[in-house]
Amino acid sequence: MDILPADEKDLQEILALQRLAFAQEAEEFNNYGIDPMVQTLAELEAQFQTDLFLKVLDSDGAIIASTRGHIENGTSYIGRTFVRPDYQGMGIGTALIRELENRNCADRYEINSSIQCPQNIRLYEHLGYMRFKVIMEENNGFVYLQKYK
């Protein structure tokens, strides 16, 4: 599996994949207003200016997975990581996170997940992340996890 830096020309495809990947979560919790579903191309283009975007391609050259992140004040923040539903469970998300950690090397790494997605939290803990903060909102909550180099 090749993990490559994404180009700005990939952003439309990444945004479409992001919506596809998060559609099940939105449907499951009957909330189509979650950030991954409503993010605009302009917002993604602005984020591309500050974050490193990575992608995974299938044999036809279509993007099947992506992640993004940036370093700030000695912390590597790992952003949205998602895999096309028919490719989930194959270790692609794990490989993406590890690759982003290698490329955005820092003393500390931070990632978060909706409290309603325990499978994501288990994955992050499997990768060595430990919970350090929970923020509850009206209809959801977020678990923040960290690990040190």
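# Helix Contacts, Salt Bridges and Loops in a Predicted Model

Good morning. The crossing of helix 1 and helix 3 is right-handed. Please keep in mind throughout that the structure shown above is a predicted model.

Let me stay with this pair of helices. Helix 1 covers residues 11-28 and helix 3 covers residues 41-48; their axes come within 10 Å and cross at roughly 115°. Which residues of the two helices meet? From helix 1 these are Leu11, Gln12, Ile14 and Leu15, and from helix 3 they are Leu41, Leu44, Glu45 and Phe48. Sorted by character, the residues of this contact divide into six nonpolar, one polar and one charged.

I turn now to charged side chains. Side chains of opposite charge can pair when their charged atoms come close. How many salt bridges does the model contain? The count comes to eight.

Consider Glu101 and Lys147, which form a salt bridge with their closest N and O atoms 3.1 Å apart. Glu101 belongs to helix 4, residues 92-103, while Lys147 belongs to strand 8, residues 141-148, so this pair ties together parts that are 46 residues apart in sequence. Are the two partners buried or exposed? Glu101 has a relative accessible area of 9%, and because buried means under 20%, Glu101 is buried. Lys147 is also buried, with a relative accessible area of 18%.

Other salt bridges deserve a mention. Arg131 pairs with Glu125, and here the closest N and O atoms are 2.7 Å apart. Glu125 is partly exposed, at a relative accessible area of 32%. Arg84 forms a salt bridge with Asp86, with a closest N to O separation of 2.8 Å. There is also a network of salt bridges, which links Asp7, Lys9, Asp10 and Lys55.

Arg131 leads us to the strands. Strand 7, residues 130-136, and strand 8 run antiparallel and are joined by six bridges. Within this pairing, the bridge partner of Arg131 in strand 8 is Leu145. As a general point, side chains in a regular strand alternate between the two faces of the sheet. The connection from strand 7 to strand 8 is a hairpin through four residues. Glu137 is found in the loop between these two strands, and Glu137 is partly exposed, with a relative accessible area of 49%. The C-alpha atoms of Glu137 and Asn31 are separated by 14 Å, and the two residues are 106 residues apart along the chain.

Next, the loop that comes between helix 5, residues 118-126, and strand 7. Leu127 is found there, and Leu127 counts as buried at 8% relative accessibility. Which residues does Leu127 touch, if we do not count those up to four places away in sequence? They are Thr94, Ile97, Arg98 and Lys147. Lys147 is the salt-bridge partner of Glu101 that I described earlier.

Finally, I would draw your attention to two asparagines. Asn30 has a positive phi of about 50° although it is not a glycine. Asn30 lies in the loop between helix 1 and helix 2, the latter being residues 35-38, and Asn30 counts as exposed at 66% relative accessibility. Asn73 likewise is not a glycine and has a positive phi of about 50°. The place of Asn73 is in the loop between strand 3, residues 63-72, and strand 4, residues 75-78. Asn73 is exposed, with a relative accessible area of 76%.

Thank you for your attention.

Technical notes. Residues are numbered from 1 along each chain as its sequence is written. This is a predicted model: local features need pLDDT of at least 70, side-chain atom pairs count only at pLDDT 80 or more; totals for chains, interfaces and linings use all residues. Side-chain values use heavy atoms; hydrogens and water are left out. A salt bridge is a side-chain nitrogen of Lys or Arg within 4 Å of a carboxyl oxygen of Asp or Glu. Buried means under 20% relative accessible area, exposed over 50%, partly exposed in between (1.4 Å probe, protein chains only). Two strands pair if DSSP finds at least two bridges between them. Axes are lines fitted to C-alpha atoms, for helices over the stretch in contact, and angles run from 0 to 180 degrees between N-to-C directions. A crossing is left-handed if the near helix is turned anticlockwise from the far one by less than a right angle, and right-handed if clockwise. Contact means heavy atoms within 4.5 Å. Ala, Val, Leu, Ile, Met, Phe, Trp, Tyr, Cys and Pro count as nonpolar, Asp, Glu, Lys and Arg as charged, and the others, Gly among them, as polar.
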